[in-house]
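Dear colleague,

I am passing on a structure that you have not worked with before, and I would be glad if you could look through it with the notes that follow.

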Amino acid sequence: MGKELSAGLISYITVVYIIVVNATILSAAGIPLEAGIIATILSVFVGCMVMGFWSNTPMLMIPGMGLNAMFTYTIVQSGGFSWQEALAMVFAAGIIFTIISFTPLAGTIIRSIPDSLKEAISVGIGILLILIGFDNSGIITSSEHTLLAIGDLSSPEALVTMAGLVITFVLFIKNVPGNLLLSIVITSVLSILVSGGKTSGSLLEVPSFHEYFSVFGQLSWAKAGDFVFWLTAFSLAMVVIFENIGLVHGHSKLLGRPESSKKALEASAISVVASGILGTSPTVASVESAAGITAGGRTGLTSVVTGVLFLFSLVLIPVIKIVPASAVSPVLILIGVLMLQGITHIPLDDLAESFPALLIIVLIPLTYSIADGMAIGFILYPLTKVLLGKGREISPALYMIALLFLSNFVLQYAL
C-alpha cells in the first residue's frame with residue numbers, strides 16, 4: 001500500500017502542471033481562466049476515480065496536450081464553432097468512444113493493429129517523454145531557425161536537471177524504496193539552494209465556483225443539424241480513441257498486465273464523456289502515468305490517490321509550484337529511456353514492418369503529437385503492404401483505420 005500511495009503522489013507531481021497549462025489553452029477558446037482551472041481539476045479527479053475503481057489500474061486521466069489545442073485552435077478558432085459547441089463535440093466523441101470500448105469493436109480494432117506498430121507507439125511516447133524532460137529544463141531549446149538545439153547548459157535549471165538525472169538513475173538502479181519521489185525531493189532542495197533560496201511558489205486565490213457554473217454542463221447543440229458539426233465531432237472522436245488506445249497499450253505493457261487494457265479503455269471513454277460535461281477538452285490516459293507505474297504503482301489506488309490530490313489542488317497549488325520543472329524532468333527522462341527498450345521487439349530486418357513503425361517513433365516526438373505520429377504509420381503500413389503485393393495480410397479493420405486517419409488529415413486541412 002505504501003508504494004501505491006508514493007506512486008500516486010509522484011504521479012500527481014508529474015502531471016499537476018496540466019492545471020494551469022490546460023486552463024490557459026481553454027481560455028483562448030473563450031472559457032474563463034478560473035472556470036478552466038476548476039474544470040481541469042474536476043476532469044482529472046473524475047477520470048482518475050473511474051480509472052481506479054473500474055479498471056483497477058494506475059493510469060491517470062488528464063486533458064490531453066494536443067487535444068486541447070485541437071479543441072481551441074482547430075475547432076473553435078479555425079472552425080468557427082463556439083466553445084459550448086466544442087464541448088458538445090467532446091461529449092459526442094466520448095459517446096462514440098464508449099460505444100466502441102464497451103463492444104467487441106474495441107477488441108477488433110486492437111487485434112487489427114500489428115505488434116510492430118504497437119511497440120512503436122510505446123517507443124515514440126518514450127522519446128516524447130525524454131524530449132519533454134529536456135525541454136522543460138532548458139537543456140534542449142527550439143526556435144524559428146532550428147528544430148532543436150542545446151540550450152544554456154550553465155543555467156541553474158540545466159545544472160540541477162543534469163545533477164538530478166544522475167541522482168535519479170543511481171537511486172533507481174539501486175532500487176532504493178520510493179526512489180522517484182526521493183529524487184524529486186532531493187532535486188527540488190538542490191534547485192532551491194542553487195537559486196539562492198528562491199522558489200516559484202506563490203499564493204493563488206481559490207477560483208470562483210460561481211463563475212465555473214457558467215461553464216459546467218454548457219453544451220450547445222445549436223449546430224447539431226450541420227454536417228460539418230458531426231464530421232468535426234467524428235474527427236475528434238477518432239483522434240481521442242486512437243490516442244487512448246496507444247497510451248493504454250503502452251502503459252499496460254509497462255505494467256505487465258496487457259489483459260487490463262480493455263477495462264482501462266472503457267474507463268478512458270467514460271472520462272471523455274465527463275470531460276464535455278465538466279467543461280474541458282478530452283482526457284487521455286496520460287503519458288506521465290508511466291511515472292507512477294515505474295514508481296511501483298500496480299493498482300487503481302495509485303489513480304485514486306492522484307485524483308484526490310487533484311481535488312485538493314485549489315489549496316495546494318502554492319506548495320506544488322515550489323517543485324521546479326528541473327526536479328520533475330529527470331523522472332520523465334528516466335521513464336522515457338525505460339520505454340525505449342520496446343524497439344528490440346520491432347523486426348528491423350523486415351522493412352515492410354519496420355518502416356512504418358520507425359516513422360511513428362520519429363514523428364511522435366517531432367510533431368509533439370501522439371495522434372499525428374500514429375496516423376502516418378497507420379496510413380503507410382497497409383499502403384506499403386499493398387504495394388508489396390501483401391495486401392491480404394491486412395485486416396479490413398486496419399484498412400478502415402487507415403482511411404479514417406487519412407480523412408482526419410483532410411478534415412484538418414479543410415478547416
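**Aromatic pairs and salt bridges**

Phe242 is buried, its relative accessible area being 4%. Please keep in mind, for this residue and for those below, that the model is a predicted one. The ring of Phe242 is paired with that of Phe378, and since the two centres lie 6.3 Å apart with the planes at 55°, the pair is classed as tilted. Because Phe242 belongs to helix α11 (residues 227-255) and Phe378 to helix α18 (residues 370-387), this pair ties together parts of the chain that are 136 residues apart in sequence. Phe378 is likewise buried, with a relative accessible area of 0%.

When the whole structure is searched, 12 aromatic pairs are found. One of them joins Phe229 and Trp230, which meet edge-to-face, with 5.2 Å from centre to centre and 80° between the planes. As for their surroundings, Phe229 has a relative accessibility of 0% and so counts as buried, whereas Trp230 is partly exposed, with a relative accessible area of 40%. Both residues also belong to a cluster, in which ring pairs link Phe81, Phe91, Trp221, Phe229 and Trp230.

A ring can also have a charge beside it, and you may like to look at Trp54 with this in mind: the charged end of Lys263 sits over the ring of Trp54, at 3.9 Å from the ring centre.

**Salt bridges**

How many salt bridges does a search of the whole structure find? The search finds five, and I describe several of them here in turn.

Glu85 forms a salt bridge with Lys223, and the closest N and O atoms of this pair are 4.0 Å apart. The two residues come from distant parts of the chain, 138 residues apart, with Glu85 in helix α5 (residues 83-101) and Lys223 in the loop between α10 (209-212) and α11. Glu85 is buried, with a relative accessible area of 7%, while Lys223, at 31% relative accessibility, counts as partly exposed.

Another salt bridge is formed by Glu119 and Lys253, with 3.5 Å between the closest N and O atoms. Since Glu119 lies in helix α7 (residues 115-137) and Lys253 in helix α11, this pair ties together parts that are 134 residues apart in sequence. Glu119 counts as buried at 12% relative accessibility, and Lys253 is partly exposed, its relative accessible area being 35%.

Glu266 forms a salt bridge with Lys262, where the closest N and O atoms are 2.6 Å apart. Here both partners lie in helix α12 (residues 261-278), and because they are four residues apart in that helix, they are separated by about one helical turn. Which of the two is buried, and which is partly exposed? Glu266 is the buried partner, with a relative accessible area of 7%, and Lys262 counts as partly exposed at 31% relative accessibility.

Finally, there is a network to look at: Glu353, Lys385 and Glu393 are joined into one by salt bridges that share partners.

If you would like a place to begin, I suggest helix α11, where you will find Phe242 of the tilted ring pair and Lys253 of the salt bridge with Glu119.

With best regards

Note on methods:
Residues numbered from 1 in each chain as written. Predicted model: local features only at pLDDT ≥ 70, side-chain atom pairs only at ≥ 80, totals over all residues. Heavy atoms only, no water. Phe/Tyr/Trp six-rings, centres within 6.5 Å; stacked < 30°, edge-to-face > 60°. Buried < 20%, exposed > 50% of the residue type's maximum accessible area, 1.4 Å probe, protein only. Lys NZ or Arg CZ within 6 Å of the ring centre and 35° of its normal. Salt bridge = Lys/Arg side-chain N within 4 Å of Asp/Glu carboxyl O.
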